[in-house]
Amino acid sequence: MSNKDEANKKKGITTADIARMTGLSRATVSAVLNRKPGVNPETREKVFDVIRATGYETGMFSRSLLSQLSRMVIVLSPGISNPFYHQFFEGIARTLEPEGYHVLFQHTWWGEEGTMPVLERIQSYGPAGIIVHGSLEGAPAVLDFGVPCVGIEADAGLRAHRVSFDVPKAAKLITDYVIQCGHRRIAFLAGPECEATRQRKVGIIEAFVDRGIELVNLVVRYNCDDPAHGYQEALHLLQTPETRPTAIFCYNDYCAFGVYRAAHDLGLHIPNDLSVTGFDGIEVGELLGPPLTTVSIFPQRQGEEAARLLIRAIRGEIGPEPVGVIIEPKVIIRESVRDLADVPSGNGHDHACHTDLAIPLDGAAS
């Protein structure tokens with residue numbers, strides 16, 4: 001650095017100084033400093049190199065924070081209460097932090113009122129990369145930030161690197177298992193009417209069709225993606241013995257917590273009176289009484305794979321053309337599903353279904 005540059009470092013420098021030192025126009029430097037979309041990542045990094053070297057300060061960031069800008073990763077997620085996200089976040093943090101990255105988890109409220117403030121705040125942080133989980137309205141706008149992006153269960157319109165799993169396949173696997181245990185009257189407590197719910201329905205319907213079961217035996221109720229709504233809908237479904245389902249497939253394991261409570265309040269035994277399955281494979285499902293049968297999509301591994309993919313993108317080991325990592329779902333058979341062909345024994349509490357089923361082991365990412 002020249003003597004002039006050293007002097008500027010002491011007295012503070014202007015955008016014109018940064019433009020001179022980088023060989024860029026003042027307009028380009030201003031675009032970088034104001035986090036405007038469409039800036040080339042190499043250009044952005046060139047400006048931040050000068051910022052770190054000179055100690056230049058913007059109105060928002062201190063020197064210590066500016067020195068870390070290119071080491072920050074932002075994780076956008078639509079939920080934080082579901083234990084699924086805790087395991088997902090843990091996978092990300094355990095992978096990124098040893099590599100020197102700082103992780104910021106941003107709970108997002110997308111929509112007319114929430115999208116722009118969230119995007120503006122994210123952009124102002126100047127992240128090294130972004131991980132987007134879920135079907136987030138407005139998420140494609142993060143691609144305009146000019147930093148690497150990884151999507152998980154994100155909309156197909158998000159042209160980013162991606163960690164994914166076959167949702168219909170996962171739903172079909174768990175439905176096949178329930179049907180093989182003799183169940184025909186099945187309720188699906190679905191989430192909101194979105195793509196994730198639609199894909200689960202596709203898998204369930206495929207299982208019904210393949211097994212020759214009429215769809216009239218399938219009852220679907222929406223907006224049951226948490227314990228409170230799962231509880232209310234289960235209460236409604238289970239009150240009439242003549243029409244209640246013999247098995248409930250929950251949108252996620254979190255919803256199943258509410259179904260267990262509803263069964264308890266109605267004096268129903270799981271699995272003797274009602275079989276219950278989840279979807280996600282969160283750890284606390286094993287602690288329910290009885291332990292929850294579910295199909296695991298490995299939340300912690302999703303986070304780990306997303307973080308590894310993002311690191312590769314940040315380091316330039318993969319180009320802008322989207323790269324995909326696929327995680328194979330796996331049915332976790334526990335004790336919450338009864339085999340209806342089972343002959344009751346004395347105590348009536350040992351009829352969990354352990355049907356032999358050709359279920360793939362959790363696959364390595366590919």
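# Reading a parallel sheet and a buried threonine

Of the 366 residues of the protein chain, 53% count as buried (under 20% relative accessible area, with over 50% called exposed and partly exposed in between, using a 1.4 Å probe and protein chains only). This is a predicted model, in which local features need pLDDT of at least 70, side-chain atom pairs count only at pLDDT 80 or more, and totals for chains, interfaces and linings use all residues. Residues are numbered from 1 along each chain as its sequence is written, and side-chain values use heavy atoms, leaving out hydrogens and water.

User: Where should I start, and how many helices and strands does the protein chain have?

Analyst: Helices (H or I, at least four residues) and strands (E, at least two) are DSSP runs, numbered from the N terminus. Here the protein chain has 12 helices and 12 strands.

User: How do I read a sheet, and what is the order of the open sheet of 4 strands?

Analyst: Strands of a sheet pair through backbone hydrogen bonds, either parallel or antiparallel. Two strands are taken to pair if DSSP finds at least two bridges between them. In this structure the open sheet runs β7-β6-β8-β9, with parallel pairing. Its edge strands are β7 (218-221) and β9 (275-277), each pairing on one side only. On average, neighbouring strands of this sheet are turned by 20° against each other, direction ignored.

User: Which residue of β9 is the bridge partner of Phe249?

Analyst: That partner is Thr277. Strand β8 (residues 247-250) pairs with β9 in the parallel sense over 3 bridges.

User: Which strands do helices α8 and α9 lie across?

Analyst: Axes are lines fitted to C-alpha atoms, for helices over the stretch in contact, and angles run from 0 to 180 degrees between N-to-C directions; contact means heavy atoms within 4.5 Å. Helix α8 (residues 167-180) lies across β6 (186-189), β8 and β9, at about 170° to β8. Helix α9 (residues 195-210) lies across β6, β7 and β8, at about 170° to β6.

User: Now a single residue: is Thr293 buried or exposed?

Analyst: Thr293 is buried, with a relative accessible area of 0%. You will find Thr293 in the loop between β9 and β10 (294-296).

User: What is Thr293 in contact with, leaving aside its neighbours within four places in sequence?

Analyst: Its contacts include Ile174, Tyr177, Val276, Thr277 and Arg334. The C-alpha atoms of Thr293 and Val276, 17 residues apart along the chain, are separated by 7.2 Å. The side chain of Thr293 also reaches the backbone nitrogen of Arg334 at 3.0 Å.

Definitions and conventions:
Polar contact = N/O pair within 3.5 Å; in protein donor to acceptor, adjacent residues only side chain to side chain.
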